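Let's take a friendly walk through a protein model, starting with one residue and working outwards. Have the sequence and the 3D view ready.

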Amino acid sequence: MKSILAEIFLIAGKRQAGVQSGYRPNLFIGGYSEDNNTDCVINLLPDVGLLPDGETVLANITLVHPELLKMDKLKGMTFCIQEGRKVVGQGIFLTEAQDKK
């Protein structure tokens, strides 16, 4: 698993409630393709208890299966946050992925 810092935004009206740390959506990185899709765990920074729709925050994202990605460099890449087939948010990676300890 790898961890990476990102700025994320939830699209207003796409979810019934905000999200907390431990949220586990899918990420589509840089566009829609099976080559850039992975499960993740989003952990909000300690000063953020709940991310409501329409807000932007910093979060640590753990990529559950980074070995499935067909790319090495993630810093600066955008991504969509999906629940099933529904896009509920978006974001941008601010750092390169690091091995999670």
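## A polar pair at Q82 and G84

In this predicted model, a polar atom in the side chain of Q82 sits 2.9 Å from the backbone oxygen of G84. You can find Q82 in strand β5, which covers residues 78-83.

Is Q82 buried or exposed? Its relative accessibility is 5%, and a residue counts as buried when that value is under 20%, so Q82 is buried.

## E83, the neighbour in the strand

Move along to E83, which also belongs to strand β5. E83 has a relative accessible area of 27%. Partly exposed residues fall between the 20% and 50% limits, and therefore E83 is partly exposed.

Which residues does E83 touch, once neighbours within four places in sequence are left aside? They are R15, Y23 and V88. Try locating P25 as well: E83 and P25 are 58 residues apart in sequence, yet their C-alpha atoms are 5.6 Å apart in space.

## M77, in the loop before β5

M77 is placed in the loop that links β4 (56-63) with β5. With a relative accessible area of 26%, M77 is partly exposed.

Leaving out residues within four places in sequence, the contacts of M77 are I29, G30, M71, G91, I92 and F93. Take G30 from that list: 47 residues separate M77 and G30 along the chain, while 6.0 Å separates their C-alpha atoms.

## I42 and N37, two residues of β3

Now turn to strand β3, residues 37-44, where I42 is found. The relative accessible area of I42 is 1%. That is under the 20% limit for a buried residue, so I42 counts as buried. Not counting neighbours within four places in sequence, I42 is in contact with I8, Q20, S21, G22, Y23, P25, A59, N60, I61 and I81. As another distance to check in your viewer, the C-alpha atoms of I42 and L10 are 12 Å apart, with their positions 32 residues apart along the chain.

N37 lies in strand β3 too. How accessible is N37, and is it buried or exposed? Its relative accessibility is 18%, which is also under 20%, so N37 counts as buried. Beyond the residues up to four places away in sequence, N37 touches N26, L27, F28 and L69.

## N60, across in β4

One of the contacts of I42 is N60, a residue of strand β4. N60 is partly exposed, at 32% relative accessible area.

Look at what N60 touches, again setting aside residues up to four places away in sequence: S3, I4, L5, V41, I42, N43 and L45. For one more pair to trace, S21 is 39 residues from N60 along the chain, and 9.3 Å lies between the two C-alpha atoms.

## Stepping back to the whole protein

With those residues in mind, let's look at the overall fold. How many helices and strands does the protein have? There are seven strands and zero helices, so reading from the N terminus gives β-β-β-β-β-β-β. The radius of gyration is 12 Å, close to the 13 Å that the globule rule gives for 101 residues, so the protein is as compact as a globular protein of that length. Measured out along the principal axes, the C-alpha atoms fill a box of roughly 35 × 30 × 20 Å.

Contacts across the sequence appear in the overall numbers as well. Among contacts between residues at least 6 apart in sequence, 65% join residues that are at least 24 apart.

## Inside, outside and charge

Of the 101 residues in the protein, 37% count as buried; Q82 is one of the buried residues. On the outside, the protein exposes about 5,800 Å², and carbon and sulfur atoms supply 49% of that area.

Finally, consider the charges. The protein has 11 positive and 12 negative charges, and the mean positions of these two groups are 2 Å apart.

Key. Residues are numbered from 1 along each chain as its sequence is written. This is a predicted model: local features need pLDDT of at least 70, side-chain atom pairs count only at pLDDT 80 or more; totals for chains, interfaces and linings use all residues. Side-chain values use heavy atoms; hydrogens and water are left out. Helices (H or I, at least four residues) and strands (E, at least two) are DSSP runs, numbered from the N terminus. The radius of gyration is taken over C-alpha atoms; the globule rule is 2.2 Å times the number of residues to the power 0.38. Buried means under 20% relative accessible area, exposed over 50%, partly exposed in between (1.4 Å probe, protein chains only). Contact means heavy atoms within 4.5 Å. Accessible areas come from the Shrake-Rupley method with a 1.4 Å probe; for residues, only the protein chains shown count as cover. Lys and Arg count as positive and Asp and Glu as negative; His and the chain ends are not counted. The place of a charge is taken as NZ of Lys, CZ of Arg, CG of Asp or CD of Glu. A polar contact is a pair of N or O atoms within 3.5 Å; within protein, one must be able to donate a hydrogen and the other to accept it, and residues adjacent in sequence count only if both atoms are side-chain atoms.
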